[in-house]
Amino acid sequence: MMRKKIVKIGRNSPCPCGSGKKYKRCCRNRKKEISIKEEYKNRHDIIIKAPRQIEGIRKAGILLMSILAKVEKMIKPGLKTEDINTLVHEMTIKAGAIPAPLGYREFPKSVCVSVNDVICHGIPGERVLKGGDIVNVDVTPILDGYYADASKTFFVGTPTDAGKKIVSIAAESLKRGIEIVAPGATTGDIGHAIQDYAEKQGCSVVREFVGHGVGIDFHEQPQILHFGKPGEGVPLVPGMVFTIEPMINLGKRDLHVLEDRWTAVTNDGSLSAQFEQTLLVTETGW
């Protein structure tokens, strides 16, 4: 568990509601929970989550992590990607939940399984995993009406040096982004931290796919770009729930989507890895 950051908003700081006014002349003297909720919904279309909603999302997240733990144990050479779909689907249904990807904009399966040069949205099927592959599994259950969204990239058998490198950099990219999360930071701060780290390692950051608000719906505002400039974007406030999910390529960031209209792959055939987590902004960090 990483140490949480505590960031205080000073009287003369820009108000986190995004009005452009100083905090002391804006939300400081209002009823904070009501004013920031209304301001963020009106200005940014962001749903600041209530305690009851946060608890529902947390329970969905617990189920999600138990599913990913089972997936990790089953990953081995010879496994079909369809077998991963079957496990995720059956565990989700058994828990009384719904697999959010199934039928979403006509996506045909219950989970995204992305192998090697597939950046994201890989459709499970007859592909057989081989030793040295890397495979990302992206799980989103809906439990009692609440969504949680996370993914991990796993090694299949003994990893290659290239596989170890890209998976390590992608995992660290997510960690760097999470460390930024605290009231007073911005979505641009998150993107900058990820881009700065990944590019210094000689890798590239995918820009076409981004993190997003989640919890009441599959995809909500705000968008969480994994690149950007410090101070830009939406200021973070307690009650925001969103994913950070950097997709990092070992080669160039250019991509194309296959004829199935879902599977995104690197143009140069280089490996791509992703890690994703759903986060709640709290008074003291995340």
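## Glutamine 53

Glutamine 53 is buried, because its relative accessible area of 17% falls under the 20% cut-off. This is a value from a predicted model. Helix α2, which covers residues 51-74, holds glutamine 53.

Which residues touch glutamine 53, leaving aside its neighbours within four places in sequence? The contacts are Ile48, Tyr146 and Ile216.

## Glycine 239

Glycine 239 sits in a loop. That loop runs between β10 (220-224) and β11 (241-244). Is glycine 239 buried or exposed? Glycine 239 is buried, since its relative accessible area is 7% and the cut-off for burial is under 20%.

Setting aside neighbours within four places in sequence, glycine 239 is in contact with Ile47, Ile48 and Lys49. Leu280 and Val281 are also in contact with glycine 239. Ile48 thus links back to the previous section: glutamine 53 is in contact with Ile48 too. Glutamine 223 lies 16 residues from glycine 239 in sequence. In space, the two are 16 Å apart, C-alpha to C-alpha.

## A cis bond in β10

Strand β10 contains proline 222. The peptide bond that leads from glutamine 221 into proline 222 is cis. Its omega is near 5 degrees.

## Leucine 87 and helix α3

Helix α3 spans residues 81-94, and leucine 87 is part of that helix. Beyond its neighbours within four places in sequence, leucine 87 is in contact with Lys70, Val71 and Met74. Helix α2 takes in residues 51-74, so these contacts join α3 to α2, given that contact means heavy atoms within 4.5 Å.

How far is leucine 87 from alanine 150 in space, C-alpha to C-alpha? The distance is 16 Å. In sequence, 63 residues separate leucine 87 and alanine 150.

## The loop between β1 and β2

Arginine 105 is found in the loop between β1 (98-99) and β2 (112-115). Its phi is near 50 degrees, a positive value in a residue other than glycine. Arginine 105 is exposed, because its relative accessible area is 65% and the cut-off for exposure is over 50%.

Glutamate 106 lies in the loop between β1 and β2 as well. Glutamate 106 is not a glycine, yet its phi is positive, at about 70 degrees. With 61% relative accessibility, glutamate 106 counts as exposed.

## The whole chain

The chain has 5 helices and 16 strands. Its radius of gyration is 19 Å, close to the 19 Å that the globule rule gives for 286 residues, so the chain is as compact as a globular protein of that length. The C-alpha trace spans about 60 × 45 × 35 Å along its principal axes.

Of the 286 residues, 51% count as buried. Among contacts with a separation of 6 or more, 68% are made by residues 24 or more positions apart.

## Surface and charge

The accessible surface of the chain is about 13500 Å². Carbon and sulfur atoms account for 51% of that surface. The chain carries 40 positive and 33 negative charges. What separates their mean positions? The gap is 10 Å.

## Confidence

The mean pLDDT of the chain is 94. Of its residues, 94% reach 70 or more. Residues 1-6 stay under 50 in pLDDT. For residues 1-6, the model has 12 contacts beyond four places in sequence.

How values were computed: Residues are numbered from 1 along each chain as its sequence is written. This is a predicted model: local features need pLDDT of at least 70, side-chain atom pairs count only at pLDDT 80 or more; totals for chains, interfaces and linings use all residues. Side-chain values use heavy atoms; hydrogens and water are left out. Helices (H or I, at least four residues) and strands (E, at least two) are DSSP runs, numbered from the N terminus. The radius of gyration is taken over C-alpha atoms; the globule rule is 2.2 Å times the number of residues to the power 0.38. Buried means under 20% relative accessible area, exposed over 50%, partly exposed in between (1.4 Å probe, protein chains only). Accessible areas come from the Shrake-Rupley method with a 1.4 Å probe; for residues, only the protein chains shown count as cover. Lys and Arg count as positive and Asp and Glu as negative; His and the chain ends are not counted. The place of a charge is taken as NZ of Lys, CZ of Arg, CG of Asp or CD of Glu. pLDDT is the predictor's confidence in each residue, from 0 to 100.
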